[in-house]
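Student: I've got a structure to look at and I'd like to learn how to read it. Let's go through it with questions and answers.

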Amino acid sequence: MSGSWMAPPRLLVSSLLVAVLAVAAADVANAGGAKPLTPGGRVVHHNHGKFTAGEWKRAHATFYGGRDGSGTTAGACGYKDTRSEGYGVQTVAVSSVLFGNGAACGGCYEVRCVDSPDGCKPPGAAAAAAALVSADSGGWCNPPREHFDLSMPAFLQIAEEKAGIVPVSYRRVACARQGGIRYAIAGNKYFNMVTVTNVGGAGDVAAVSVKGSKRVKWTELKRNWGVVWQTGEDLTCESLTFRVMTGDHRKATSWHVLPEDWKFGVTYQASKNF
């Protein structure tokens with residue numbers, strides 16, 4: 001942000017505007033006609049079709065980083081480089097109310113500048129579409145405010161740089177991603193941290209499950225932070241299938257996306273997305 005609108009330092013646990021999280025759940029049907037449950041005991045919801053855009057709401061928006069998006073490609077969601085992970089620099093950090101302790105990471109928003117003749121770009125200017133990758137705190141980001149701190153490339157689509165801060169209208173929209181969901185495992189055979197990125201549709205991840213080709217049965221992972229999920233299950237020496245569930249309860253299964261000889265630190269991409 002520039003001028004007198006300089007925001008306080010953002011927390012390392014911040015997240016960008018369009019947050020995309022995915023949740024994986026196993027379809028395990030109970031006997032006696034009971035509703036199917038995930039491995040963690042939650043009821044499985046069967047939602048078909050495409051993600052539907054949400055209603056328009058009001059908030060304010062500022063910007064940070066450089067004109068080329070520098071300084072905005074990582075953040076509190078666990079992304080290391082949004083350019084290489086499928087999100088580019090059309091990203092945003094949001095206030096804690098929207099961040100949801102990381103549950104909103106990966107979600108996408110359409111943002112329009114409104115009611116600021118001197119700050120908004122001319123009528124008809126394209127709306128900014130951003131992916132949530134980090135979070136902010138303090139100042140305009142204090143609860144209960146809903147606030148967007150856009151990357152400069154996204155902000156300049158809708159407003160003049162000299163404005164610094166503008167009123168906006170925003171809504172949640174579907175995330176358009178190229179290619180399938182991506183998975184990368186860090187850690188060791190006793191503690192695995194799985195980063196799930198490039199999630200389409202709702203974009204946010206609500207649950208993740210994994211199944212091996214040999215001994216590992218469907219196992220539900222726990223959120224470590226943002227888009228990073230964890231399990232103590234030994235996943236080595238098996239072809240791995242992941243099931244991701246997004247915040248709108250839609251699911252995508254990436255069958256055998258990791259080969260039997262998969263390696264820690266390598267990113268593997270599925271053929272499917274939402």
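Tutor: Here's a word you'll need straight away: a residue is buried at under 20% relative accessible area, exposed at over 50% and partly exposed in between (1.4 Å probe, protein chains only). This is a predicted model, where local features need pLDDT of at least 70 and side-chain atom pairs count only at pLDDT 80 or more, while totals for chains, interfaces and linings use all residues. Residues are numbered from 1 along each chain as its sequence is written, and side-chain values use heavy atoms, with hydrogens and water left out.

Student: Okay, let's try that word. Is Phe148 buried or exposed?

Tutor: Look at the relative accessible area of Phe148, which is 0%. The limit to stay under is 20%. So Phe148 counts as buried.

Student: And what about Cys237, buried or exposed?

Tutor: The relative accessibility of Cys237 is 53%. Now the cut-off to check is the one at over 50%. So Cys237 counts as exposed.

Student: How many disulfides are there?

Tutor: A disulfide here is a pair of cysteine sulfur atoms within 2.5 Å. Cys77 and Cys105 meet that, with S to S at 2.0 Å, and so do Cys108 and Cys175, also at 2.0 Å. Cys113 and Cys120 form a disulfide too, with their sulfur atoms 2.0 Å apart. By this rule the count is three.

Student: How many residues apart in sequence are the parts that Cys77 and Cys105 tie together?

Tutor: Start with the link itself: the torsion about its S-S bond is about -85°, so the disulfide of Cys77 and Cys105 is left-handed. Helices (H or I, at least four residues) and strands (E, at least two) are DSSP runs, numbered from the N terminus. Cys77 sits in the loop between β1 (57-64) and β2 (91-94), and Cys105 in the loop between α1 (96-99) and β3 (108-113), so the tied parts are apart by 28 residues.

Student: Where does Cys175 lie?

Tutor: Cys175 is bonded to Cys108. The two are 67 residues apart and link distant parts of the chain, with Cys108 in strand β3. As for Cys175, the place to look is the loop between β6 (166-173) and β7 (182-188).

Student: Which hand does the link of Cys113 and Cys120 have?

Tutor: Cys113 is buried, and so is Cys120. Their link has -80° about the S-S bond. That makes the hand of Cys113 and Cys120 left-handed.

Student: What is the pairing of the bonded cysteines?

Tutor: Take the bonded cysteines of the chain and number them in sequence order. Then read off which number goes with which: the pairing is 1-2, 3-6, 4-5.

Student: What is the average twist from one strand to the next in the barrel?

Tutor: Strands pair if DSSP finds at least two bridges between them. Six strands run β1-β5-β2-β4-β3-β6 in a closed barrel with mixed pairing. From one strand to the next, the twist averages 45° (axes are lines fitted to C-alpha atoms, for helices over the stretch in contact, and angles run from 0 to 180 degrees between N-to-C directions). So the value you want is 45°.

Student: Which residue in β5 stands opposite Phe63?

Tutor: Strand β5 covers residues 147-151 and runs parallel to β1, joined by five bridges. Opposite Phe63 stands Leu150.

Student: What kind of aromatic pair do Phe63 and Phe155 make?

Tutor: Rings of Phe, Tyr and Trp (its six-membered ring) pair if their centres lie within 6.5 Å, with planes under 30 degrees apart counted as stacked, over 60 as edge-to-face and the rest as tilted. The structure holds eight aromatic pairs. For Phe63 and Phe155 the centres are 4.9 Å apart and the planes at 45°, so the pair is tilted.

Student: How far apart in sequence are the parts that this pair ties together?

Tutor: Phe63 lies in strand β1. Phe155 lies in helix α2 (residues 152-158), so the tied parts are apart by 92 residues.

Student: To which backbone oxygen does the side chain of Asn192 reach?

Tutor: Asn192 lies in strand β8 (residues 191-197). A polar contact is a pair of N or O atoms within 3.5 Å; within protein, one must be able to donate a hydrogen and the other to accept it, and residues adjacent in sequence count only if both atoms are side-chain atoms. At 2.6 Å, the side chain of Asn192 reaches the backbone oxygen of Glu233.
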